[in-house]
Each structure stands twice: as C-alpha cells, then as structure tokens.
Amino acid sequence: MKFTHIKILWILTILLALSLTIVSVAGAFFPDTYERDHVSMAAQGAGQDLLDLFLVIPFLLLTFYLASRGNRSASLLYAGTLGYIMYSFVIYCFGVNFNQYFLLYCLTLGLSLYAFILVFSDLKQQKVETWFAQAPVKLISVYLAFVALVFYVLWLKSLVPAILHNEIPKEVSDYHLLVNPVHVIDLVFALPGLLIGSVLIWHRKGMGFIIASLALVFMVILTLALAAMVLMLLVRGISEDFTVAIVFGVLSIASVSMLLLLFRKLVRPSTSLHRNEDQAAP
C-alpha cells in the first residue's frame with residue numbers, strides 16, 4: 001500500500017511524536033502538571049504518560065516508517081495507533097484540568113486526527129478484503145461484539161441509575177467533572193464502532209477488515225495504558241487493588257491473539273502481483 005499524501009504524513013507524524021513526547025515527559029516526571037486534578041486522576045495520567053513515552057511513540061514512528069515503505073500490516077498498525085492517540089487526547093483536552101500544556105494537548109489531538117483522516121481515506125480506496133486469506137472473521141466478529149457489550153454494561157449500570165434518580169455518577173462526582181469524557185467518547189464513537197465493525201467483518205466487507213484491525217490495535221494499546229494507570233495507583237499508594245490491572249492485561253493478551261490471527265495470513269503486495277501475473281500468463 002502506498003500513501004497518497006506521504007510528505008504531509010511525514011510532517012504530521014514527526015510533529016505528533018514531538019508533541020506527544022513533550023506532554024508525556026511533563027506528565028510522567030513533573031508533578032505540577034496534574035496539580036489541579038484529583039490525586040487518582042493525576043496518578044493515572046502519569047501511568048499513561050509513561051506508557052506513551054516508552055511504547056506508543058516508538059511504535060508510532062516504527063509502524064509509520066514501515067507503512068511508508070508499503071508494508072500493509074504496518075499501515076493498519078499505524079492507523080490503529082493514531083486512533084488510540086486521538087481517543088486519549090479527547091480525554092486529555094476535556095477531562096484534565098487546565099494547565100500549561102493545554103495547547104499541546106490540542107495540538108496532539110489535531111495532529112493525530114488529521115493524520116488518521118488521511119490514512120483512513122487511503123485505506124478506504126484499497127480492496128482491503130483481498131489482503132486477508134482465510135481470516136477467522138466470525139471469531140473476531142464475536143470478540144469485537146463481546147468487548148463492546150461488556151463496556152456498554154459497565155457504563156450503563158452506572159449511568160442509568162444515576163439518570164433515574166437524578167444523581168451524578170460516581171465516575172463524574174469523584175473527579176469533580178461536568179461529565180466523564182470517557183463515557184461520551186465510548187458511547188458515541190468507540191462502542192458503536194466496534195459493533196459496526198463486528199457486523200461488517202462477519203460479512204467480509206473491506207470496511208469491516210479496516211475497522212476490526214484498527215479496533216484490535218487500539219484495544220491492545222488502550223488496555224496496556226489502563227493497566228499502567230492501575231499500577232501507578234498502586235505505586236503511589238492510592239489503591240491496593242491490582243485486580244483491575246489483571247483484567248486489562250487479560251484483555252490486552254486476548255486482543256493481541258485476535259490481531260495475530262487476523263494478520264497471520266496477510267497477503268503481501270508482491271504475492272498478489274505474482275498471482276495476477278501467473279493468471280495473465282498463457
């Protein structure tokens with residue numbers, strides 16, 4: 001696969017890596033970054049910043065480099081990483097109390113958004129369904145739907161009673177928020193996207209393979225970030241319950257397994273070319 005706007009993507013990716021590095025270093029190593037936030041949220045932010053600094057940024061640069069050289073799996077991994085950064089920085093922009101890095105949060109969100117739009121538009125023009133040979137689409141479809149339903153239940157069991165009793169959910173009141181941005185982005189974008197991807201990949205549609213691939217990459221990184229948040233709570237003595245970290249670790253392993261099953265027979269461009277040439281030969 002070749003990117004249509006490769007020069008623009010190079011610029012966006014380098015700038016994104018730089019802005020993400022700055023805010024990650026600030027959040028991980030400068031305590032005053034989250035001084036206006038609840039101590040629990042500050043610890044979780046620092047945990048995620050450490051993961052972004054040491055895992056996400058190198059992975060972003062590596063996958064983009066490989067994708068720019070035509071690697072199909074790398075292009076999907078890169079797009080999924082952009083999706084994770086977008087998701088995270090919607091939360092940083094709307095859920096973190098105003099601090100000296102606010103403009104960089106906005107910059108990081110904007111860079112990841114427009115890079116994602118360009119990559120996604122290129123993927124849409126490809127016959128992505130032809131990239132995958134004998135992919136276990138039904139297993140992956142069921143997994144995506146299962147994860148979506150689990151998180152629907154998790155959020156709605158808190159939100160619905162609060163709505164019925166005209167109260168503020170604990171996830172909002174504990175952190176002194178107007179609303180929880182995680183609720184918004186999950187209920188509006190992430191969870192419906194998982195269900196739509198589940199249906200489309202079940203029917204082997206190209207868009208289904210795109211959404212499923214990106215969703216699995218996103219879930220791998222996000223669950224690792226969530227585990228890092230919980231571990232940071234333990235390190236700072238705010239919580240002693242590491243059960244949630246184990247749950248997120250299991251989800252991460254499951255998502256990695258699904259991603260490997262999907263990508264294990266990914267057809268290389270050269271393979272497709274040779275097959276077409278063989279078919280054309282007399």
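Partly exposed means a relative accessible area between the buried limit, under 20%, and the exposed limit, over 50%. The model used in these exercises is predicted.

**Exercise 1.** Classify the ring pair F116 and F120, then place both residues.

Solution.
- Two values describe a pair of aromatic rings: the distance of the centres and the angle of the planes.
- The count of aromatic pairs comes to twelve.
- In the pair F116 and F120, the ring centres are 5.6 Å apart and the planes stand at 20°, so the pair is stacked. The cut-off for stacking is under 30 degrees.
- Both residues sit in helix α4 (residues 102–124), four residues apart, so about one helical turn separates them.
- F116 has a relative accessible area of 18%, so F116 is buried.
- F120 has 22%, so F120 is partly exposed.

**Exercise 2.** Classify the pair F132 and F209. Then state which parts the pair ties together.

Solution.
- The centres of F132 and F209 are 4.8 Å apart, with 10° between the planes: a stacked aromatic pair.
- F132 lies in the loop between α4 and α5 (137–164), while F209 belongs to helix α8 (residues 206–235). The pair therefore ties together parts 77 residues apart in sequence.
- Is F132 buried or exposed? Its relative accessible area is 5%, so F132 is buried.
- F209 has 0% relative accessibility, so F209 is buried.

**Exercise 3.** Which residues do ring pairs link into a cluster with W10?

Solution.
- Ring pairs join W10 with F3, F64 and Y78 in a cluster.

Methods. Residues numbered from 1 in each chain as written. Predicted model: local features only at pLDDT ≥ 70, side-chain atom pairs only at ≥ 80, totals over all residues. Heavy atoms only, no water. Phe/Tyr/Trp six-rings, centres within 6.5 Å; stacked < 30°, edge-to-face > 60°. Helix = DSSP H or I, 4+ residues; strand = E, 2+ residues; numbered from the N terminus. Buried < 20%, exposed > 50% of the residue type's maximum accessible area, 1.4 Å probe, protein only.
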